[in-house]
Amino acid sequence: MLPATFKLCAATSYRHLRNVTGLRRQAAVALGQELSKLSCRGAAPGAWIHQVRRRSSLLGSRLEEKPLSEVEMSYIKQGEEALQKSLSILSDRDGWKTETSVDNGDKVLSKVLPDVGKVFRLEVVVEQPLDAVYSELVDRMEQMGDWNPSVQEIKILQKIGKDTMITHEKAAAAAGNIVGPRDFVSVRCSKRRGSTCVLAGMATKFGAMPEQKGFIRAENGPTCMILRPVSGNPSQTKLTWLLSIDLKGWLPKTIINQVLSQTQVDFANHLRERLAQTVGT
């Protein structure tokens, strides 16, 4: 039989927990009922304590979850739409033309889509495992300005759930200042399924980040990066980057095409240098 002190503790805990309101009350009462059942069955003290810890842990994890607002749900929907549209564009292999081809195998392709405009597709192989590349691009996203000269700064404005975030990015001037500084407010969605990672995004509105002085508010999307281990060599990662940007302002198309394709090639080189410095340190 359970000692009297444990029975008293169970009864007292149950009465206390019933005073909690709302969702907390429902979960707490369920916990109290389970503990009372244990005391009636005469469970051993060790089993009782184990159940307290396990049930309390479950209760705590559930109470930490809070319902998302309609605005937050709309951001999640935008991220999912960017992901699906990006994958649809990349899955169509027809109509792509080579913009840039590098001796190391890096290449940039492009094509024009009726509802999007001109999109660019970077395909490279990075001599690092997928986890290292993913960590640099997602977990350490805000450090990108430290190693990518095209980026002045990236800030995460808000995280929504486990897969979605709102970001603000300041891009440096390019092409000898012909293309002035731009900034972007984007919703980003990251999905990891098995050995494939997809990082997608598109332009969005965020009231806390109005247009910034000295920057033209450009728009991107749909855009995404896909990371996969190279078949037969998991120490290498294939990176495919779909880039779609409206830089706004008046710029010749020839300049835009040159800047965007070169930006992708430079990104691959800077990423390799960064990973060579950080992996294993």
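How many helices and strands are there in the chain? Color by secondary structure and count along: 6 helices and 12 strands. Keep in mind as you click around that this is a predicted model.

**Stop 1: the whole chain**

Start with everything selected and a surface switched on. The chain exposes about 15,700 Å², and carbon and sulfur atoms supply 52% of that area. Of the 281 residues in the chain, 41% are buried. Now think about contacts: among those with a separation of 6 or more, 58% link residues 24 or more positions apart.

**Stop 2: strand 2 and its partners**

Hide the surface and select residues 107–113, which form strand 2. Here 5 of the 7 residues are buried, so the rest of the structure largely encloses this strand.

Next, add residues 97–101, which make up strand 1. Strands 1 and 2 pair in the antiparallel sense, with 4 bridges between them. Follow the backbone around the hairpin that connects the two: 5 residues sit between the strands. Pause at Gly-105 in that hairpin, where phi is positive, near 105°.

Then bring in strand 3 by selecting residues 117–126. Strand 3 runs antiparallel to strand 2, and 7 bridges join the two. The hairpin from strand 2 to strand 3 goes through 3 residues.

Which residue stands opposite Thr-98 in strand 2? Click on Leu-109. Stay on Leu-109 and look over to strand 3, where its bridge partner is Arg-121. Picking Thr-98, Leu-109 and Arg-121 together takes you from strand 1 through strand 2 to strand 3.

While you have the sticks on, here's something to look for: in a regular strand, side chains alternate between the two faces of the sheet.

**Stop 3: Lys-191**

Now jump to strand 6, residues 182–193, and select Lys-191 within that strand. Is Lys-191 buried or exposed? Lys-191 has a relative accessible area of 16%, so it counts as buried, the cut-off being under 20%.

What does the side chain of Lys-191 make polar contacts with? Show Glu-80 first: its side chain makes a polar contact with the Lys-191 side chain at 3.0 Å. Then show Asp-163, whose side chain also makes a polar contact with that of Lys-191, at 3.1 Å.

To fill in the surroundings, leave out residues up to four places away in sequence and display what Lys-191 touches: Glu-80, Leu-83, Asp-163, Thr-196, Cys-197 and Val-198.

Definitions and conventions:
Residues numbered from 1 in each chain as written. Predicted model: local features only at pLDDT ≥ 70, side-chain atom pairs only at ≥ 80, totals over all residues. Heavy atoms only, no water. Buried < 20%, exposed > 50% of the residue type's maximum accessible area, 1.4 Å probe, protein only. Pairing = 2+ DSSP bridges. Contact = heavy atoms within 4.5 Å. Areas by Shrake-Rupley, 256 points an atom, 1.4 Å probe, with all protein chains shown as cover. Polar contact = N/O pair within 3.5 Å; in protein donor to acceptor, adjacent residues only side chain to side chain.
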